[in-house]
Amino acid sequence: DLHTGGHTAVHGLTKPMDTEIHALVKEAGFDMFVSTYDEQVDGLFYDNISNEAMNWYWHERTRANDKRLRRVDDTAEVMAHQVININVLSLRAPLMELEAALRVTFGPRIHTYFYENWADPSWYWLSIFDYHATKGNAIQRLLDTYGFSSENLTVFGDSYNDLPMFE
């Protein structure tokens, strides 16, 4: 909401699916960034910076003075919050295997975005969201809620998770 700065809707990963995804990611040997919302504050949690890509992202968020960024002893601690998404940064081949395992386990209940890190193409991102949590769905909700017409709508995007806005 532009007036309050609050969320008008949140489509996080459902429970217990969020915890199951977290466990699968950890069992596969990855560390992650977990984005949450606790009805008041957004959070971006991590427990370990285990590769150069995660270190780069941590530095980017720190330089931007991102108030969401917080270290915890174990990211499993934050699974009690509403988990918006999980981001895993690593090399291409292992992330492809993880994405395949997630798709087998969770199928159409999740959206995954797999893409090259723009700052260093040797590293990749795997972003995991609830199936309903797309920018396209968010725009449709805003159009419906406020009675706007899509004829007067212009969208901008710079990443793979922006593609549903253009559909």
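Where does Phe-148 lie relative to helix H4 (135–146)? Phe-148 lies in the segment after that helix. The points below take up this residue again after the overall fold.

1. Status and make-up. The structure is a predicted model. The chain has four helices and six strands. From the N terminus, these elements follow one another as α-β-β-α-β-β-α-β-β-α.

2. Burial and contacts. Of the 167 residues in the chain, 39% are buried. Among contacts between residues at least 6 apart in sequence, 64% join residues at least 24 apart. The chain exposes about 9800 Å², and carbon and sulfur atoms supply 52% of that area.

3. The sheet. The six strands form an open sheet with mixed pairing, in the order S3-S2-S1-S4-S6-S5. Strand S3 (69–71) and strand S5 (110–116) each have a single partner strand, so one side of each is left without a neighbour in the sheet. On average, neighbouring strands of this sheet are turned by 20° against each other, direction ignored.

4. The S1–S2 hairpin. Strand S1 (residues 33–37) runs antiparallel to S2, and four bridges join the two. Within this pairing, Tyr-37 stands opposite Asp-42 in S2. The two strands form a hairpin with four residues between them. Glu-39, in the turn, has a positive phi of about 75°.

5. From S2 to the edge. Strand S2 (residues 42–46) is joined to S3 by three bridges, and here the strands run parallel. Phe-45 has Arg-70 in S3 as its bridge partner, while Tyr-46 has Arg-71. S2 is mostly covered, with four of its five residues buried. In a regular strand, side chains alternate between the two faces of the sheet.

6. Salt bridges within helix H3. Side chains of opposite charge can pair when their charged atoms come close. The whole structure holds eight salt bridges. One of them links Glu-99 and Arg-103, with the closest N and O atoms 3.8 Å apart. Both residues lie in helix H3 (residues 92–106), four residues apart, which is about one turn of the helix. Glu-99 has a relative accessible area of 14% and is therefore buried. Arg-103, with a relative accessible area of 41%, is partly exposed.

7. A shared network. Lys-26, Asp-31 and Asp-47 are joined into one network by salt bridges that share partners. In the bridge between Lys-26 and Asp-31, the closest N and O atoms are 3.0 Å apart. Why does Asp-31 count as buried? Its relative accessibility is 11%, and the cut-off for buried is under 20%. Lys-26 has a relative accessibility of 26%, so Lys-26 counts as partly exposed.

8. Arg-61 and Asp-66. The side chains of these two residues meet in a salt bridge, at 2.9 Å from N to O. Arg-61 is partly exposed because its relative accessible area is 22%. Asp-66 counts as buried, with a relative accessibility of 14%.

9. The surface patch. Which residues form a nonpolar patch on the surface with Phe-148? They are Leu-142 and Tyr-146, and the three residues together have about 320 Å² of accessible area. Phe-148 has a relative accessibility of 53% and so counts as exposed, the cut-off for exposed being over 50%. As noted at the start, Phe-148 belongs to the segment after helix H4.

Technical notes:
Residues numbered from 1 in each chain as written. Predicted model: local features only at pLDDT ≥ 70, side-chain atom pairs only at ≥ 80, totals over all residues. Heavy atoms only, no water. Pairing = 2+ DSSP bridges. Axes fitted to C-alpha atoms, helices over the stretch in contact; angles between N-to-C directions. Buried < 20%, exposed > 50% of the residue type's maximum accessible area, 1.4 Å probe, protein only. Contact = heavy atoms within 4.5 Å. Areas by Shrake-Rupley, 256 points an atom, 1.4 Å probe, with all protein chains shown as cover. Patch = residues over 30% accessible without salt bridge, like charges linked within 9 Å, V, L, I, M, F, W, Y side chains within 5 Å. Salt bridge = Lys/Arg side-chain N within 4 Å of Asp/Glu carboxyl O.
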